[in-house]
Amino acid sequence: MNEGTVKQAYEIAKERYAKLGIDTDKVLQQMQDFHLSMHCWQADDVAGFENQGGSLTGGIQVNGNYPGKARNIDELRADILYAMSLIPGKHRLNLHEIYGDFGGKFVDRDQCSVEHFQSWIDWGKANDIKLDFNSTSFSHPKSGDLSLSNPDKGIRDFWIEHSKRCRAISQAIGEAQQDPCIMNTWVHDGSKDITVNRYLYRELLKDSLDQIFEHKYDWMKDCVESKVFGIGLESYTVGSNDFYTSYAAKNNMMITLDTGHFHPTESVADKVSAMLLFVPELMLHVSRPIRWDSDHVTIMDDPTMDLFSEIVRAGALNRVHYGLDYFDGTLNRIGAYVIGSRAAQKCMLRALLEPTETLRKYELEDKRFQRLALLEECKNLPWNAVYDMFCLKNNVPVGENYIVEVEQYERDVTSKR
């Protein structure tokens, strides 16, 4: 699509939205401030650089063996930068602890420190990319089924120390970039079959978290993440939604809502207004569950559009942070980054283009026909022309044009690995 066509389509869209009281130029400015925290683990199937070998454990797995995945830190960084070059706007990068720059040496999880992430801090500064962080409790000889809730004090203390060190690393990252680093705490702890010590494990998890979060930092923000179940841990999850909602509300902490971590018929969008009345902020991990937490590439499906619409309708743009969390090894991994990131942006754009004030007025006046009619008509409005203009303004490929760019990168780079 050429530049003239994009601009012409945008002017038509601008006029149509103006009739509903929507300023598309203002929305484009808002989109420039919409920063995704892209996940580092899509580029290499959650392998990391710890050099322990072995497959993923701890309730997660990656399917597929599409050729060309990143094999080292340089390839991973190159892939991420290239993916970002095809996505409009400026975005962050979300790191797991196992992606440290360990220099080929084995550094156990309770020994990680800032020095192992200094090159990431430098890389972020050089590329004007802010960083976020995650502790890593899975795929380790001491993971087992229980980490922070393990009755074995030695194992539990190991993971407490790991988590404390991850918070210190996050603080250093945030201070270096002069922007808070958001650190997510998720552990896979649970049981495959019937559990009789539910209270004990949750009591231990609470005590571990209390120790981990005891020290307060200025340049990092904590968030805690629940899950329904993990692979091989289907019967019981220690850190359930009820547990972490209660913990976060009591301690005034941020909650992470992973769109794959709930029952397939459960609305994550509905949780936004419920939780923001009791916690200061929310972190999103946006993926696409198909029947379970399968972490498919994010697309513009109804649940994702509903989620972003609810954030806008709740007036919560400044209280929600946006991360991606999917890992698919069955297709081009850079392409997966671009598809998912653009899909999340499109969902936010559509939410910002909604005539919310008119819809609120209809609802408060009990004009149910008018409310439903306008919601339906909004689906037909030319939001895509506004997104094309967003891409054009950011000098990235418009529409499907990024497909050939990804194909070229595969021919020139990833196919030769």
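This is a short tour of the model in your viewer, one selection at a time.

Before you click, know that this is a predicted model, where local features need pLDDT of at least 70, side-chain atom pairs count only at pLDDT 80 or more, and totals for chains, interfaces and linings use all residues. Residues are numbered from 1 along each chain as its sequence is written, and side-chain values use heavy atoms, with hydrogens and water left out.

**Stop 1: the barrel**

Switch to cartoon view and look for the strands. Helices (H or I, at least four residues) and strands (E, at least two) are DSSP runs, numbered from the N terminus. Here 8 strands close into a barrel in the order β1-β2-β3-β4-β6-β8-β9-β10, with parallel pairing. On average, neighbouring strands of this sheet are turned by 30° against each other, direction ignored. Such angles run from 0 to 180 degrees between N-to-C directions, and axes are lines fitted to C-alpha atoms, for helices over the stretch in contact. Two strands count as paired if DSSP finds at least two bridges between them.

Try residues 36-39 and 92-96: these are β1 and β2, which run parallel and are joined by 3 bridges. Serine 37 has arginine 92 in β2 as its bridge partner.

**Stop 2: strand β8**

Now select residues 254-258. Is this strand mostly covered or mostly open? It's mostly covered: 5 of the 5 residues in β8 are buried. Buried means under 20% relative accessible area, exposed over 50%, and partly exposed in between (1.4 Å probe, protein chains only). Show the side chains: Met254, Thr256 and Asp258 point one way, while Ile255 and Leu257 point the other way. In a regular strand the side chains alternate between the two faces of the sheet.

Add β6, residues 220-225, which runs parallel to β8 and is joined to it by 3 bridges. Valine 224 has isoleucine 255 as its bridge partner in β8. Then add β9, residues 282-286: 4 bridges join it to β8, again in parallel. Leucine 257 stands opposite leucine 284 there. To get from β8 to β9, the chain goes through helix α8 (residues 269-276), and this β-α-β crossover is right-handed. That means that, with the strands pointing away from you, the path from the first strand over the helix to the second runs clockwise.

**Stop 3: two helix pairs**

Pick α2 (residues 24-32) and α10 (residues 333-352), which pack at an angle of about 140° with their axes 10 Å apart. The contact (heavy atoms within 4.5 Å) is made by Val27, Gln30 and Met31 of α2 and Gln345, Met348, Leu349 and Leu352 of α10.

Next, select α11 (residues 356-364) and α12 (residues 368-378), whose axes cross at roughly 155° and come within 8 Å. Thr358, Leu359, Tyr362 and Glu363 in α11 meet Gln370, Arg371, Leu374 and Leu375 in α12.

**Stop 4: helix α13**

Finish at residues 383-393. Why is α13 described as largely enclosed by the rest of the structure? Because 8 of its 11 residues are buried. Among them are Trp383, Tyr387 and Phe390. The buried residues of α13 pack against α1 (3-18), α2 and α10. Asparagine 395 follows α13, and its phi is positive, near 55°.
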